[in-house]
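Work through the following exercises with the sequence and the structure side by side. Each task is followed by a solution that proceeds step by step.

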Amino acid sequence: MKTKMMSALGLTLALLAGSAQAHFGLVIPNHAVVVDQKEAALNLNLAFCHPFEREGMTLVKPKAVDLFVGGEKTSVLNQLQPTTVFDHKAWRLPLTVKRPGVYQFVMEPQPYWEPAEDKFIVHYTKVIVPAFGEDEGWDEPVGVKTEIVPRVRPWANFAGNTFQGEVLVDGQPQANVDVEVEYFNEKGDLKAPFEGFTPQVVKTDANGVFTFTAPWAGWWGFAALTDSPTPIHHDGKDRDVELGAVLWTKFFDPIRVK
């Protein structure tokens, strides 16, 4: 009996540990800013993962991948190429920037069934890339189901800068929402002191705005989590759906002059 109880406890702890990890949609370009022609050839990695722990999950071909620039929306879904991120199926989007603009890339994935949490996960994931000096439109929503609209320009920020974003669902600000925050530990050279550091968690205020100060340079992801009112039927039951509004932005160290 004792052995069975310990086995059950071990399974429960394993499930709890697994569910504590933050899921993040990931859309990260090779260049955070297109300054001139040498950065014009973008390659964006699209994935689903635990970014700090460097653990991947399979990302089937997304439902939609759209580019918003200058008030126009263009589907780039058919330009995706298969790749891997953290040893799991992911996608690559090659795109050459030809004119000035603020390029907002948004991925809408297929619903991901997470048995450890008994729910589906859908993360609308966005990254914003400015090109050739254009600096207009970064603070405007693109109109997807849920999104984070920056309240601080989402590029050319130093490590240690404070970032703010507004969480929208169906275009409406969302108060008192959990926003999970994680660093993209691409090189695997960082380790958290203990599990509670991943993810960091902040709350939106009464106006749907959250605030976070990035402690070091690199790509940081923000995932604002809400519940969809529409369940998905799966294995004979209606299942809850977690909606995530995800935004990635890069913070930089200054270049020291010798």
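**Exercise 1. Examine the contact between the side chains of Lys38 and Glu39, and decide for each residue whether it is buried or exposed.**

Solution. In this predicted model, the side chains of Lys38 and Glu39 form a salt bridge with an N to O distance of 3.4 Å, which satisfies the cut-off of 4 Å between a Lys or Arg nitrogen and a carboxyl oxygen. The next step is to look at the accessibility of each partner: Lys38 has a relative accessible area of 64% and is therefore exposed, whereas Glu39, at 11%, counts as buried. The final step is to look for shared partners, and here Asp36, Lys38 and Glu39 are joined into one network of salt bridges. By the same distance rule, the count of salt bridges comes to twelve.

**Exercise 2. Find which parts of the chain are tied together by the salt bridge between Arg153 and Asp135.**

Solution. Begin with the distance: the closest N and O atoms of Arg153 and Asp135 are 3.8 Å apart. Then place each residue: Arg153 lies in the loop between β11 (146-150) and β12 (157-158), and Asp135 in the loop between β10 (119-131) and β11, so the salt bridge ties together parts that are 18 residues apart in sequence. As for accessibility, Arg153 is partly exposed at 31%, and Asp135 is likewise partly exposed at 32%.

**Exercise 3. Locate the two partners of the salt bridge between Arg151 and Glu166, and state how accessible each one is.**

Solution. The side chains of Arg151 and Glu166 meet with an N to O distance of 2.4 Å. Arg151 sits in the loop between β11 and β12, while Glu166 belongs to strand β13 (residues 162-169), so that this pair links distant parts of the chain, 15 residues apart. Arg151 is partly exposed, with a relative accessible area of 37%, but Glu166 is buried at 12%, a value under the 20% limit for burial.

**Exercise 4. Describe the surroundings of strand β11 and explain why it is described as largely enclosed.**

Solution. Count the buried residues first: five of the five residues of β11 are buried, and the strand is therefore largely enclosed by the rest of the structure. Next, sort the side chains by direction, which places Thr146, Ile148 and Pro150 on one side and Glu147 and Val149 on the other, with all of them buried. Finally, turn to the pairing: β11 runs antiparallel to β13, and the two strands are paired over five bridges, with Thr146 having Val169 of β13 as its bridge partner.

**Exercise 5. Assess the chain as a whole, and identify where its coordinates call for caution.**

Solution. Start with the secondary structure, which consists of one helix and 20 strands. The radius of gyration is 19 Å, which agrees with the value near 18 Å that a compact globule of 258 residues would have. Of these 258 residues, 47% count as buried, and among contacts between residues at least 6 apart in sequence, 66% join residues at least 24 apart.

The last step concerns confidence. The average pLDDT of the chain is 92, and 92% of the residues score at least 70. Residues 1-19, however, have a pLDDT below 50, and beyond near neighbours in sequence this stretch has three contacts in the model. Predicted coordinates should not be read in detail where pLDDT is low.

Note on methods
Residues are numbered from 1 along each chain as its sequence is written. This is a predicted model: local features need pLDDT of at least 70, side-chain atom pairs count only at pLDDT 80 or more; totals for chains, interfaces and linings use all residues. Side-chain values use heavy atoms; hydrogens and water are left out. pLDDT is the predictor's confidence in each residue, from 0 to 100. Contact means heavy atoms within 4.5 Å. Buried means under 20% relative accessible area, exposed over 50%, partly exposed in between (1.4 Å probe, protein chains only). Helices (H or I, at least four residues) and strands (E, at least two) are DSSP runs, numbered from the N terminus. Two strands pair if DSSP finds at least two bridges between them. The radius of gyration is taken over C-alpha atoms; the globule rule is 2.2 Å times the number of residues to the power 0.38.
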